[in-house]
Amino acid sequence: MTHRIAVDVGGTFTDLALLGPDGVELVHKTGSTPAEPSDGLVAGLGGLAAKAGLPLAGLLARTDALVHGTTITTNALVTGTGARTGLLATEGLRDVLLARQGSRADQFDSRTAPPPPLVPRHLIETVAGRLDRTGAEAVPLDEDGVRRAARRFRAAGVEAVAVCFVFSYLDGGHERRAAEILAAELPGVFLSVSSRVAPEVRLYERTSTTVLNAYVGPVLRAHLDRLSGRLAGLGYTGRVLVVQSNGGVADMERAAERAVGTLLSGPAGAPAAVAAVTAELGVPDAMAIDMGGTSFEVSLSSGGATGITTRAEPAGHPVSVPMLDIATIGAGGGSIARTTPGGLLRVGPASAGADPGPACYGRGGGEPTVTDADLLLGYLAGGFGDGLEPSADLARDALAGLGRRLGLGPVEAAAGVHRAVNAEMADSLRLAIARHGLDPHRLALVAAGGAGPVHAAELARDLEIPLVVVPAGASVLCARGMLRADLVRHYVHTLLGRDPRAAATDPAEAEAAFARLEGDAARDLPVDAGLRFTRLADVRYVGQVHEVTVPFPDGPGVDAAALAGLLARFHRLHERLYGFAQPEVPTELVNLRLEARSPTLAPDAAVPAAPPGPERDGTRRAWFDGAFREVPVRDVGAVPVDERQEGPALLAGEGTTTVVPPGFAFEITASGTVLLFGADRDRAGVLAGLRGARPEAVR
Amino acid sequence: MTAVLASVIDNRLHAIAARMADAMLRSCRSAAFQSRDLVTGIFDADGNWIATKDFIPVLAGSLPSAYEGVLAKFAGDVGEGDVFVLNDPYHGNNHPPDVTVLKPVFHRGVLRFWTATKGHHADVGGSGAGLGYNPGARDCWEDALRVPPVRLYRRGERQDDVWDLILLNLRLRDAVEGDLHCQIGAAAIGERELVAMLDAFGVDPVLEAVAAQLAASARHLRAEIARWPDGTYEAVRHLDDGGEHHREPIAVRLRLTVAGERAVFDFTGSDPQVAGYANSTRANTVAATLVALFGATDPAQRRTSGALSAIEVRTRPGTIAHAVEPAATTLCTITACEAIVEAVWLALAAADPALSHAGWCRGYAFAAIGVDARTGRPFGATGALKGGSGATAGCDGWDAIGPPVAMGGGREVDVELHELGAPATVLHQGFATDSAGAGRWRGGLGGFSRWRIDQDGVRVVCIGSGALERTVPYGLAGGLAAPANRSVVRHRDGRVTVPRTNSTLVLDRGDVIEIHTSGGGGYGDPRERPRAAVRADVRDGLVSAAAARDVYGLDPTDDDVEDGA
């Protein structure tokens, strides 16, 4: 029992990675089977076993953990194919979910309908029973009312019920009792209870989170049931761990119960891979970018941990459980370039997607995309996969039309598209860095996705980020990260609302609360490999509406000095984030947060070198500084390790090209990672600069 | 490559404006700021308005006049590190509660840009009871503390005497002080990012790009107006009243002339200004016209000075649409704005209803202010679900999205945060059956709310309009109007009273206000609404079975209908 397998099932591809006892890593890619995802998964396992030179049964017999990332819940949400869901709410507050706080994202657009609610109004039932703002019972729960609601849910054929009552984060008693009644009345129906799923203040966000959990829960549960059946049939007896939106993993039962926690199960593998790469380089803080066909995603990796948010809104639905803080904009290889009626250039968010895809694919897409521009500029030296041979002529035709509207030739139009999309991505990256209170000069930029390494150097130049890192095997980055994911759970203890007249937080009370949360974690997670805790607090000035999540200073526990250190950090961060601080104004702690990690893998597992690809060395015409020039094309696997070279150059890798513009130098590390930095710097100096004292950052 | 650079700079400027707004949302103090009653903007050194993040667009459209107000007083005396503030409606601001902060941005010693932040403050003095609204105000001194353009910082140095003068006149000084810092901090963030942009691109390319960006914005709006049929169109909409001292409806009269790529909005025929707080400043009238204009044209376009060059707004001093001192003005961003927006949309509908909107709900709110006896902290709160938006050709209105003042850019305070912050309880807050105007496309739903006051002697103002037959949301192209805003107070002692719109009440613990807000107007004949949509509305309790039968003409023997009210 010495192997570990990661399977990342995406919409198009299923990526697999295998880690053997000797630290050797194998990867395999196969097509996904959306109609029955476990088919593609099992087929992929067969392919992986063949690469390992083992029969499938033999591989599974040697495997103790299978880590599974899945887009099944996201897909159900985006396509509106989740469970038929009912909501049980507090009497008088039937429409909290549907009213969306009276807000819409594109406020001037009155010719688009609101997003359809996950629960239609006729499946929202209310019941008497109310807590006041202190958590005391003002109206007892109407248990007969719950039974009546259950009967109506049954008659309507609901598959899942969410329960969310006002102020239940202060006392979940009414919700628990209602859930008991519903469980008895509605056997087999998936129940989602807000005080268990998301016990935090803000009724709208808590309702949305709890409903979302109900909506996708039965879908994930059915998938995991089928999958474990298939695996058992193949003789697998090890653990199945499901990748969570918080970047960690959880066992199947927990994952299904908290299905809302898997909405980022696919992309959530990346941070662990990014952390492994940056740890190897000794770089503490990095922004990871992933530019694929339709979107550009940005996330923070800091000291091996990842940026976490409780304010995400996937597909427009607020989710208040901790998940990776991934900022997304509609900028990818397939993003379509157009001109506005005023004559400005815009790129995205409309995308040609995979079908018809960019004009150069020759599948009928006539509109110019970022990939067409990159191709025409000569940047795409790597393969496209699928045996696709892109047509530069088709790209040129599409860009010529755009160019005419801008008064530019096709190549200049392509350069314009490249520049404009870079600027949009840079704006998104700049905002993400600012929100974390980070200094771009102290960061590395880790680039993934098919288009990420094509654009990364220009983004780094724009933002003055000193180092670009392109990991080997970037196309299966998430699967490789999943091999290394920890069991991670987040715990919260809310201080707000308990006693408004209470004085400043008592260190002993905070310490006791953290001790309780750590006790919970020790019960929930395996402790044999050791538990790592990170303590944080949501801090604000008294009367403020939002909080800053600040890590406690390292130390044995919460005492007066630790609290003072925490508040000093808060004032400094506030100044950096919002342009002001008011140290003379009293502060309050709203939530105490605990992140608990239990490693699933011994920390010394090495990242092996990527296998060398086919030789593609040669030269190619590519557009730099306003003209085409003949630049060398090097295969990443063929470049001597640790040898400094200078751009311009194109580094062909698996499924992508790393563009090295003039003014940049590059080196390849022993594990196949590409490093880019300013040609006026040297690698040791750049890395030393990134390892120095770090400013504190927001998580 | 000017078009490319202009696109890059245009996106960057808007990203900076959005970043400033993001910082404000995350660092603010008051419930009003939390509900996104704020905007940010960027001006160039020539005073062109070049970027904005307009959560509440009626605040954004008056940024240019606030800028002019500062320049009128300080031109030639602007230094690096200065921060200006103003709220006075007769020095360029739209109305007193929306306090404007402006910060000049210097690059290598030369003034290049200005950053602006504006938000609705929890308190601006005067004798108003809630959020600056005083239905009893007869003039601008009873309205609010008047702050002409003054410096909060001079060359980076805090002007303590000015701060003291302002804050001493406020009940909620801590919240206001915090939110002023929030505005100044966001303006400083914008300054930092603009300087970085100038460093990265160079001054001349940036200025060239800004000029091209403004020209593109003008071309974009002109192309939109060119789609409107040429002609002259007239419309009249009313305010219910002007406050406690003027209990008569007041008319906003518009004559819209469309000629090719230009449009002239002539409000000079409007009624005279009144002794009350409902008067609109010229700044607000221009801003409201822009809300209507941008609400009826391409939603993706930029809202800048370039666009302003395509239109002309004519007003006559001394009228409801162009108040002069000493008129009070605090209500103008709500009721007068709505009447102006409706007049524009009705005039446009006369040209072609498919270009326009059916009437949106009118703002109708109860706002309480005081000190929470339980926490000792001051509070300002409102407690009703908002009304719905009007239908358009092809789309139902949006439910509970509030009046066009915000265009859905606001975000209501969460029920739990509301109760934690104020001595009041939301007993009920939901959509009201049959509250929307019927139509082929119906209006968005209005609400029914029951809001309980949990402390004795709380002052509550009832502000807004839309309680008269002539001010309800109108229907278009055969669509029907929506019902009126209305309310009653059920007192703890059993009395039931009907609050007068634009008046102040004093309520005690246990008193409950019941508030009906109107939905939006409908568009097109309700009998042409698809039967499945009517059945779904009945099933969801949004339309009654009776209305489905009588108004929508649904066959009463249709056994698919199940009433879900």
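In this predicted model, the side chains of B:N11 and B:R302 are joined by a polar contact of 3.0 Å. B:N11 sits in helix α1 (residues 2–27) of chain B. With a relative accessible area of 12%, under the 20% limit, B:N11 is buried. Its surroundings, once neighbours within four places in sequence are set aside, bring in both chains: B:N11 is in contact with A:R346, A:E424, A:D427 and B:R302.

A second residue with partners in both chains is B:T392, found in the loop between β13 (378–382) and α12 (415–421) of chain B. B:T392 is buried, its relative accessible area being 0%. Beyond its neighbours within four places in sequence, B:T392 is in contact with A:S110, A:R111, B:S356, B:H357, B:W441 and B:Y523. A polar atom of the B:T392 side chain lies 3.4 Å from the backbone oxygen of A:S110. Within chain B, the C-alpha atoms of B:T392 and B:G524 are separated by 9.0 Å, although these residues are 132 residues apart along the chain.

These two residues lead naturally to the interface as a whole. Here 82 residues of chain A are in contact with 94 residues of chain B. The two chains bury about 7300 Å² between them, with 52% of this on carbon and sulfur atoms. On the side of chain A, the residues that lose the most area to chain B are A:F108, A:R111 and A:R133, which together account for 12% of what that side buries.

Polar and charged pairs also cross between the chains. There are seven salt bridges between chain A and chain B, and the side chains of B:E419 and A:R130 meet in a salt bridge with an N to O distance of 2.7 Å. Across the interface, 40 residue pairs are in polar contact, counting those with both residues at pLDDT 80 or more. Elements giving two or more residues to the chain A side are α7 (203–233), β20 (345–351), α12 (410–435) and α16 (560–578) of chain A. The largest share, twelve residues, comes from α12(A). By class, this side has 34 nonpolar, 21 polar and 27 charged residues.

Over all chains, the count comes to 74 salt bridges. In one of them, the side chains of A:R540 and A:E588 meet at 2.8 Å, N to O. A:R540 belongs to strand β24 (residues 532–541) and A:E588 to strand β26 (residues 587–598) of chain A, so this pair ties together parts 48 residues apart in sequence. Both A:R540 and A:E588 are buried. In chain B, B:D77 forms a salt bridge with B:R151, with the closest N and O atoms 3.0 Å apart. B:D77 lies in the loop between α4 (63–74) and β3 (83–86), and B:R151 in strand β6 (residues 150–154), so the pair ties together parts that are 74 residues apart in sequence. B:D77 is partly exposed at 32% relative accessible area, whereas B:R151 is buried at 7%. In chain A, salt bridges link A:E143, A:D144, A:R147, A:R177 and A:E180 in a network.

The largest nonpolar core holds 240 residues, of which A:L88, A:L467, B:F113, B:F265 and B:I311 touch the most other members. Helix α11 (residues 335–351) of chain B gives the most to this core, with twelve residues. Apart from this core lies another, of 71 residues, including A:L408, A:V411, A:L651 and A:V659.

Notes. Residues are numbered from 1 along each chain as its sequence is written. Chains are lettered from A and ligands numbered from 1 in the order in which they are written. This is a predicted model: local features need pLDDT of at least 70, side-chain atom pairs count only at pLDDT 80 or more; totals for chains, interfaces and linings use all residues. Side-chain values use heavy atoms; hydrogens and water are left out. A nonpolar core is a set of buried Ala, Val, Leu, Ile, Met, Phe, Trp, Tyr and Cys residues joined through side-chain atoms within 4.5 Å. Buried means under 20% relative accessible area, exposed over 50%, partly exposed in between (1.4 Å probe, protein chains only). Helices (H or I, at least four residues) and strands (E, at least two) are DSSP runs, numbered from the N terminus. A polar contact is a pair of N or O atoms within 3.5 Å; within protein, one must be able to donate a hydrogen and the other to accept it, and residues adjacent in sequence count only if both atoms are side-chain atoms. Contact means heavy atoms within 4.5 Å. Buried area is the accessible area (1.4 Å probe) that two parts lose on being put together, summed over both. A salt bridge is a side-chain nitrogen of Lys or Arg within 4 Å of a carboxyl oxygen of Asp or Glu. Ala, Val, Leu, Ile, Met, Phe, Trp, Tyr, Cys and Pro count as nonpolar, Asp, Glu, Lys and Arg as charged, and the others, Gly among them, as polar.
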